[in-house]
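Here's a protein chain to explore, and I'd like to walk you through it one piece at a time. Have a look around first, and then we'll start with a bit of vocabulary.

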Amino acid sequence: MADRLAAEIEIGGTVSASLVAGLCAAINEDGLRLEWDGGDFHPRTAQDLLDAAEGGVLTLCDDQTSWGSFPVLEGFLAEHYIGFTRTTEAKYEYDAEIIWFRSGAEGIQTRLTTQDQHVVVQRDELLPVLDALRRQDMASARRQLEQVIGPDIPPLGPLRIVGDV
């Protein structure tokens with residue numbers, strides 16, 4: 001049986017109108033809400049999505065989602081290069097995490113976080129950096145530190161739907 005964790009996803013950027021039906025179906029299949037204590041959100045049209053985004057990113061949540069993720073929606077978004085950020089709260093033995101996907105980026109980026117979404121860097125990840133600094137190998141230290149920190153993630157733009165169906 002899957003553990004249930006609270007998670008939230010923000011969706012932003014440009015979406016082709018031809019993808020709206022699939023996006024709505026993915027949201028409906030994962031059973032997401034607009035408010036933590038609200039009912040399920042059942043979008044059917046581009047206007048439903050835009051109204052819910054209120055001129056910004058579309059924010060959806062579920063306080064009891066399986067494993068703290070939205071597999072159908074996240075898969076759809078990544079497959080169609082639609083940017084998103086998902087945060088999952090810690091619970092039991094599961095750490096909090098943040099997942100980023102941006103169009104044009106190298107895949108999905110995942111980082112452990114605190115409950116208030118500050119990225120956590122593990123001590124073991126920094127030991128090779130420290131070793132390179134002790135050897136005064138600045139180029140190696142910089143490369144390793146950049147790998148530990150990860151790429152800069154640009155903010156999500158507001159949700160926009162373009163084109164004809």
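When I talk about helices and strands here, I mean DSSP runs, with at least four residues for a helix and at least two for a strand, numbered from the N terminus. With that in hand, you can place Gln 117: it's found in the loop between β6 (109-113) and α4. Keep in mind that what you're looking at is a predicted model.

Let's stay with Gln 117 for a moment. Its phi is near 70 degrees, a positive value in a residue other than glycine. Why bother pointing that out? Most residues other than glycine have a negative phi. As for its surroundings, Gln 117 counts as partly exposed, because its relative accessibility is 25%.

Now for the middle of things. Which residues touch the most other members of the largest nonpolar core? They're Ile 11 and Leu 73, out of 27 residues in that core. Several elements chip in with at least two residues each: β1 (4-12), α1 (20-30), α2 (46-53), β3 (58-66), α3 (71-79) and β5 (96-101). The most generous is α1, which gives five residues. A core like this fits a general pattern: in soluble globular proteins, nonpolar side chains tend to be buried together.

Zoom in on Leu 73 and you can see who it meets. Leaving aside neighbours within four places in sequence, Leu 73 is in contact with Ile 9, Ile 11, Leu 23, Ala 26, Ile 27, Asp 30, Leu 32 and Leu 60.

Leu 73 is also one of the buried residues of α3, along with Glu 74, Phe 76, Leu 77 and Ala 78. What covers them? The cover includes β1, α1, β3, β4 and β5.

Let's look at α1 and α3 as a pair. Two packed helices are described by the angle between their axes and the distance between the axes. Here, the axes of α1 and α3 come within 7 Å and cross at roughly 155 degrees. Angles over 145 degrees count as roughly antiparallel, so that's what α1 and α3 are to each other. On the α1 side you'll find Gly 22, Leu 23, Ala 26, Ile 27, Glu 29 and Asp 30, which meet Pro 71, Val 72, Leu 73, Phe 76 and Leu 77 in α3. Sorted by class, the residues of this contact are eight nonpolar, one polar and two charged.

Next, check both ends of α3. In the loop between β3 and α3 sits Ser 69, which is buried, with a relative accessible area of 17%. Apart from neighbours within four places in sequence, Ser 69 is in contact with Glu 74 and Arg 86. After α3 comes Tyr 81, with a positive phi near 55 degrees. Tyr 81 lies in the loop between α3 and β4 (83-88), and at 54% relative accessibility it counts as exposed.

Finally, head along the chain to another helix pair. The axes of α4 (residues 123-134) and α5 (residues 138-149) come within 8 Å and cross at roughly 165 degrees. That makes α4 roughly antiparallel to α5, and their crossing is left-handed. From α4, Glu 125, Leu 126, Pro 128, Val 129, Ala 132 and Leu 133 meet Met 138, Ser 140, Ala 141, Gln 144, Leu 145 and Val 148 in α5. By class, that contact has nine nonpolar, two polar and one charged residues.

Definitions and conventions
Residues numbered from 1 in each chain as written. Predicted model: local features only at pLDDT ≥ 70, side-chain atom pairs only at ≥ 80, totals over all residues. Heavy atoms only, no water. Core = buried A, V, L, I, M, F, W, Y, C linked by side-chain atoms within 4.5 Å. Buried < 20%, exposed > 50% of the residue type's maximum accessible area, 1.4 Å probe, protein only. Contact = heavy atoms within 4.5 Å. Axes fitted to C-alpha atoms, helices over the stretch in contact; angles between N-to-C directions. Parallel < 35°, antiparallel > 145°, perpendicular 65-115°, else oblique. Left-handed = near helix turned anticlockwise from the far one by under 90°. Nonpolar A, V, L, I, M, F, W, Y, C, P; charged D, E, K, R; others polar.
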